[in-house]
Amino acid sequence: MIFLCYPKCSTCQKAQKWLDANGASYELRNIKDDNPTEAELRAWHKLPGMTEDEMYALLATDGMLVKRPILIADDFVLVGFKEPEWAKTVKHQ
């Protein structure tokens, strides 16, 4: 799994502590330093409002525009930390 987060974000810190406490194996990626590419955003999420091309191009310019944390696995993508959803979805690796 890939865990995209902003280390100074308290919600991201809570999510990382939860992952660690629950024995999840993940690759940590700082969303500010290594923001998602346009291709990654297209693969992970459908966004409302602007045209898809406009949305992905805008989001790919700055990782801080993307809701975080993001946890990506082969069979799911979780955006934002909601402990019940994470507990139900995350499988111990």
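Contact here means heavy atoms within 4.5 Å, and the exercises below concern a predicted model.

**Exercise 1. Determine which residues of α3 are buried, how they are placed around the helix axis, and which element they pack against.**

Solution. Begin with the accessibility cut-off, since a residue counts as buried when its relative accessible area is under 20%. In α3, Met 55, Tyr 56 and Leu 59 are buried. These three cover an arc of only 90 degrees around the axis, and therefore they lie on the same side of α3. The last step is to look for the packing partner, and the buried residues of α3 turn out to pack against α2.

**Exercise 2. Describe the sheet: give its strand order, its edge strands, and the helix that packs on it.**

Solution. The sheet is open and has 4 strands in the order β2-β1-β3-β4, with mixed pairing. Its edges are formed by β2 (27–30) and β4 (77–79), each of which pairs on one side only. On average, and with direction ignored, neighbouring strands of this sheet are turned by 15 degrees against each other. Turning to one pair, β3 and β4 run in the antiparallel sense and are joined over 3 bridges, and within that pairing Leu 71 has Leu 78 of β4 as its bridge partner. Finally, α1 packs on the sheet, where it touches β1, β2 and β3, and the direction of α1 makes about 155 degrees with that of β1.

**Exercise 3. Identify the residues with the most contacts inside the largest nonpolar core, and trace which elements supply this core.**

Solution. The largest nonpolar core has 26 residues, and those with the most contacts inside it are Met 1, Phe 3, Leu 19, Leu 71, Phe 76, Trp 86 and Val 90. At least two residues of this core come from each of β1 (2–5), α1 (10–21), α2 (38–44), α3 (52–59) and β3 (70–72), while the largest share, 4 residues, comes from α1. Phe 3 can then be followed individually: leaving aside its neighbours within four places in sequence, its contacts include Cys 12, Ala 15, Leu 19, Tyr 26, Leu 28, Ile 70, Leu 71 and Trp 86. The general background is that nonpolar side chains tend to be buried together in soluble globular proteins.

**Exercise 4. Work out which residues are linked in a network of salt bridges, and state whether each is buried or partly exposed.**

Solution. The count of salt bridges comes to 2. In one of them, the side chains of Asp 34 and Arg 29 meet at 3.2 Å, N to O; in the other, those of Arg 29 and Glu 40 meet at 2.7 Å, N to O. Because Arg 29 lies in strand β2 and Glu 40 in helix α2, this pair ties together parts that are 11 residues apart in sequence. Arg 29, Asp 34 and Glu 40 are thus linked in a network. As for accessibility, Arg 29 counts as buried at 8%, whereas Asp 34 is partly exposed at 40% and Glu 40 is partly exposed at 22%.

**Exercise 5. Locate Pro 69 and assign the peptide bond that leads to it from Arg 68 as cis or trans.**

Solution. Pro 69 is placed in the loop between α3 and β3. The peptide bond from Arg 68 to Pro 69 has omega near -5 degrees and is cis. For context, most peptide bonds are trans.

Methods
Residues numbered from 1 in each chain as written. Predicted model: local features only at pLDDT ≥ 70, side-chain atom pairs only at ≥ 80, totals over all residues. Heavy atoms only, no water. Core = buried A, V, L, I, M, F, W, Y, C linked by side-chain atoms within 4.5 Å. Buried < 20%, exposed > 50% of the residue type's maximum accessible area, 1.4 Å probe, protein only. Arc of directions from axis to C-beta. Pairing = 2+ DSSP bridges. Axes fitted to C-alpha atoms, helices over the stretch in contact; angles between N-to-C directions. Salt bridge = Lys/Arg side-chain N within 4 Å of Asp/Glu carboxyl O.
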